[in-house]
Amino acid sequence: MTIRSTISPVLKIGLQFLGIWPDVSYSTIYWLSLTLSILIMQYFQYWYILKHLKFSELSNLIDGLTVTLDYSLTIFKLIGLWLHRRVFHQLLAAMDNDWRECINFDQHLYIMTINANISHFFSNAVLSVVTIIGILYLLGEYVIRNFVLLIEDHNDTLRQFPIKIYFPFETQQWPVFEFLFVTIFLHVILHVCVVFLINGLIFTLVLHISGQIDIMCHEFKNISESILLYKSSATLFGLLIKRHNRIISFSENIEKFFSFVALMQVVWNTLVICCLGFVIIISFHNGTGIFVTVKTIFACFAIIFEVFIVCFVGDYLRLKGELIASATYDSLWYNMSPRQSKIMLFIIIRSQKRLTFTAGKMMDMSLETFTNIMKASISYASVLNAMY
């Protein structure tokens with residue numbers, strides 16, 4: 001099957017479910033239903049936090065606070081994407097236009113197809129990985145705990161839900177517990193998939209603009225042959241400048257669309273990684289058991305991977321943007337007329353402004369930012385451990 005879109009079918013279906021895909025019937029209802037269900041879960045999660053807000057239960061409190069904060073982050077992400085959904089529609093229109101233009105050029109189509117294949121593979125692979133991690137996180141402790149209790153013949157018959165949550169009514173009786181357990185389990189898996197969709201969308205959009213940058217660099221590499229093809233240097237330079245402006249505009253729209261999401265990601269995930277690190281530390285000190293440690297490590301890996309993806313694509317976008325200036329300089333500009341050389345000079349000057357997206361226009365999303373997040377999280381976890 002020939003690929004004609006950078007967005008994979010799995011990602012498209014998920015974005016339709018989130019209600020931000022254009023021309024989807026009842027999109028508002030989809031978004032409100034999802035957001036309302038998360039808010040209901042948040043109500044009972046924070047109720048649990050308030051019920052166990054004791055220093056003697058600090059380990060249990062931090063464990064529950066981790067998932068609770070991650071849910072809160074998802075709510076902020078959904079609100080941010082919904083408020084900027086018109087920007088997303090502009091991004092989709094620009095992507096469709098880019099694909100229509102590259103169909104007439106085999107080399108352009110080949111470059112875009114490579115990036116689309118990477119995007120589709122990433123979407124399918126990461127969805128599978130995060131779903132497996134989510135299942136292991138939810139069921140791992142539950143299954144192992146019951147197995148240990150069965151072997152050691154404990155008298156504790158209180159059954160636990162997959163996450164820390166409190167309901168103001170009796171939940172241990174059948175079939176209430178079974179119904180709530182399955183509902184919570186499915187909702188958390190849905191939440192994991194929503195997180196994947198948002199991160200997958202960031203990765204896909206950056207891969208698309210990467211393909212456009214590669215096409216522009218290819219044109220500069222073969223600019224002598226291209227001048228002969230277009231018969232006029234004015235036509236060629238006009239197309240190159242137009243493509244460069246579209247790349248800049250696309251990058252700015254990515255910034256508008258994800259700036260708030262990236263800011264909440266940096267702040268919230270720093271707290272979550274700090275909490276998870278603290279749970280891992282005290283689990284070793286207190287000997288709480290291997291299943292608690294493994295469960296926490298799985299959750300920590302998932303959160304770190306989520307932060308890494310956002311920081312990586314920001315750094316990748318910056319590096320790809322710098323290739324335009326390099327490709328322009330490496331072209332045969334010295335064989336051109338003075339007028340053509342001036343145009344090349346202006347392209348190089350404009351390319352000095354980096355293509356990137358920021359966290360609330362306060363910091364660039366890059367691998368350096370990822371390192372700072374990890375340093376801050378470890379520092380906060382060390383402070384909590386010292387206080388504990």
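**Exercise 1. Count the salt bridges of the structure, then place the pair Asp98 and Arg246.**

Step 1. The structure holds eight salt bridges. A salt bridge here is a side-chain nitrogen of Lys or Arg within 4 Å of a carboxyl oxygen of Asp or Glu. This is a predicted model: local features need pLDDT of at least 70, side-chain atom pairs count only at pLDDT 80 or more, and totals for chains, interfaces and linings use all residues. Residues are numbered from 1 along each chain as its sequence is written, and side-chain values use heavy atoms, with hydrogens and water left out.

Step 2. The side chains of Asp98 and Arg246 form one salt bridge, at 3.4 Å from N to O. Asp98 sits in helix H4 (residues 85–102) and Arg246 in helix H8, so the pair ties together parts 148 residues apart in sequence. Helices are DSSP runs (H or I, at least four residues), strands are E runs of at least two, and both are numbered from the N terminus.

Step 3. Check the burial of each partner. Asp98 counts as buried because its relative accessibility is 6%. Arg246 is partly exposed, at 22% relative accessible area. The cut-offs are under 20% for buried, over 50% for exposed, and partly exposed in between (1.4 Å probe, protein chains only).

**Exercise 2. Work out how Glu322 and Arg318 are placed along helix H9.**

Step 1. Their side chains meet in a salt bridge of 3.2 Å, N to O.

Step 2. Glu322 and Arg318 are four residues apart in helix H9, so about one helical turn separates them.

Step 3. Glu322 is partly exposed, with a relative accessible area of 35%. Arg318 is buried, at 18%.

**Exercise 3. Locate the salt bridge between Arg354 and Asp364.**

Step 1. The closest N and O atoms of Arg354 and Asp364 are 2.6 Å apart. Both residues lie in the loop between H10 and helix H11 (367–387), ten residues apart.

Step 2. Arg354 counts as partly exposed at 45% relative accessibility. Asp364 is partly exposed too, at 27%.

Step 3. Now look for shared partners. Salt bridges that share partners join Asp98, Glu101 and Arg246 into one network.

**Exercise 4. Describe the second largest pocket, then the setting of Ile303.**

Step 1. The second largest pocket has about 480 Å³ of space. Its lining has 27 residues, and the closest to its centre are Asp70, Val192, Ala299, Ala302 and Ile303. On a 1 Å grid over the protein atoms alone, a pocket is an open set of points with protein on both sides within 12 Å along at least five of seven lines; a cavity is a set where a 1.4 Å probe fits but cannot get out; lining residues have an atom within 4 Å of a point. Grid points are joined across faces, edges and corners, and a volume is the space filled by probe spheres set on the points.

Step 2. Helix H3 (58–83), helix H5 (106–152), H6 and H9 each give two or more residues to this lining. H9 has the largest share, with eight residues.

Step 3. Sort the lining by class: 20 nonpolar, five polar and two charged residues. Ala, Val, Leu, Ile, Met, Phe, Trp, Tyr, Cys and Pro count as nonpolar, Asp, Glu, Lys and Arg as charged, and the others, Gly among them, as polar.

Step 4. Turn to Ile303, in helix H9. Ile303 counts as buried because its relative accessibility is 7%. Beyond its neighbours within four places in sequence, Ile303 is in contact (heavy atoms within 4.5 Å) with Asp70, Asn269, Val272, Ile273 and Leu276. Ile303 and Leu276 are 27 residues apart in sequence and 9.4 Å apart in space, C-alpha to C-alpha.

**Exercise 5. Find what lines the largest cavity.**

Step 1. The structure holds one cavity of 30 Å³ or more. The largest cavity has about 30 Å³ of space.

Step 2. Its lining is His244, Ile248, Gly321, Ile324, Arg350, Ser351, Lys353 and Leu355. By class, that is three nonpolar, three polar and two charged residues.

Step 3. Helix H8 (233–286), helix H9 (290–330) and helix H10 (338–351) each supply at least two of the lining residues.

**Exercise 6. Is Asn199 buried or exposed, and what does it contact?**

Step 1. Asn199 lies in helix H6 (residues 176–221). At 8% relative accessibility, Asn199 counts as buried.

Step 2. Apart from neighbours within four places in sequence, Asn199 is in contact with Lys77, Gln265, Glu306, Ile309 and Val310.
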